[in-house]
Amino acid sequence: MAQTQNLREVSMKVVPAASTVKNETFFDKNNRLQREMSPHLTIYKPQLTSMLSITHRGTGIALTAGVWALGLAALTSPQDIANYASVIEGLHLSAGTLTALKFMIAYPLAFHTANGVRHLLWDTGRFLKIKEVYSTGYAMVGVSFALAAILAML
Ligand code: HEM
């Protein structure tokens, strides 16, 4: 008895066939019926959580492009990697410039790896409280900078 009191009444809305227009796009139909728009992503102010999430996707895509480019280059280029390394040496870039360039290449991998470990920890059910999501987020950013710096100095 107590359960039936909590049930909401549901009524079916009959839509006459005449109200559907042939070849009408999804957006045109929504406009014609003056339907409300769902809140869009852009109404949210940037937060650490969403920024790290989108960066994880961005770095994942960048790494995929990088791995494909390196693989295809290895298959198709006439010279081996040592030749290209000596071309870069021939540019006589300063140690600082070289380290900065290496850091820029290393950072997406460092970020994606550190945040990937954070994701895998979540998958085990840990660090899922909002405070922990933030603290692991800040820690991960620190770890990713340290990791990229170590890789850049090798
Ligand atoms: C060259 C190496 C890598 C490439 C090309 C790569 C690529 C990608 C791509 C394309 C995605 C999907 C992103 C999205 O749609 O949001 C992804 C997700 C993921 N990556 Fe990687 N990844 C690499 C290395 C790693 C490493 C080293 C780790 C962890 C130690 C890792 C952990 C993850 C995890 C956990 C996800 C899923 C995140 C989620 O649940 O949304 N990845 N990766």
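Leaving aside its neighbours within four places in sequence, which residues is leucine 52 in contact with? In this predicted model, the list runs Phe111, Asn115, Arg118, Gly137, Met140 and Val141.

Two of those partners, Phe111 and Met140, turn up again alongside Leu52 in the largest nonpolar core. That core has eight residues, and its other members are Ala106, Tyr107, Ala110, Ala114 and Ala148. Helices α5 and α6 (130–153) each supply at least two of the core's residues. The biggest share comes from α5, which gives five.

Now for the ligand. Helix α5 (95–123) matters here too: along with α3 (48–76), α5 provides at least two residues of the shell around the ligand. The residues in this shell are His56, Arg57, Gly60, Leu63, Thr64, Val67, His112, Thr113, Gly116, Val117, His119 and Leu120. Sorted by class, you get seven polar residues, four nonpolar ones and one charged one.

Three of the side chains have a polar atom paired with a ligand atom, as listed here:

| Residue | Ligand atom | Distance |
|---|---|---|
| Arg57 | oxygen | 2.8 Å |
| His112 | nitrogen | 2.8 Å |
| His119 | oxygen | 3.5 Å |

Which residue is the donor from the protein to the ligand's iron atom? That's His112, whose NE2 atom sits 2.1 Å from the iron, and the protein offers this single donor. His112 is found in helix α5, the helix that also gives the most to the nonpolar core around Leu52 and its companions.

Notes
Residues numbered from 1 in each chain as written. Predicted model: local features only at pLDDT ≥ 70, side-chain atom pairs only at ≥ 80, totals over all residues. Heavy atoms only, no water. Near = heavy atom within 4 Å. Polar contact = N/O pair within 3.5 Å; in protein donor to acceptor, adjacent residues only side chain to side chain. Helix = DSSP H or I, 4+ residues; strand = E, 2+ residues; numbered from the N terminus. Nonpolar A, V, L, I, M, F, W, Y, C, P; charged D, E, K, R; others polar. Donors = N, O, S within 2.8 Å, 3.2 Å for Na, K, Ca; no water. Core = buried A, V, L, I, M, F, W, Y, C linked by side-chain atoms within 4.5 Å. Buried < 20%, exposed > 50% of the residue type's maximum accessible area, 1.4 Å probe, protein only. Contact = heavy atoms within 4.5 Å.
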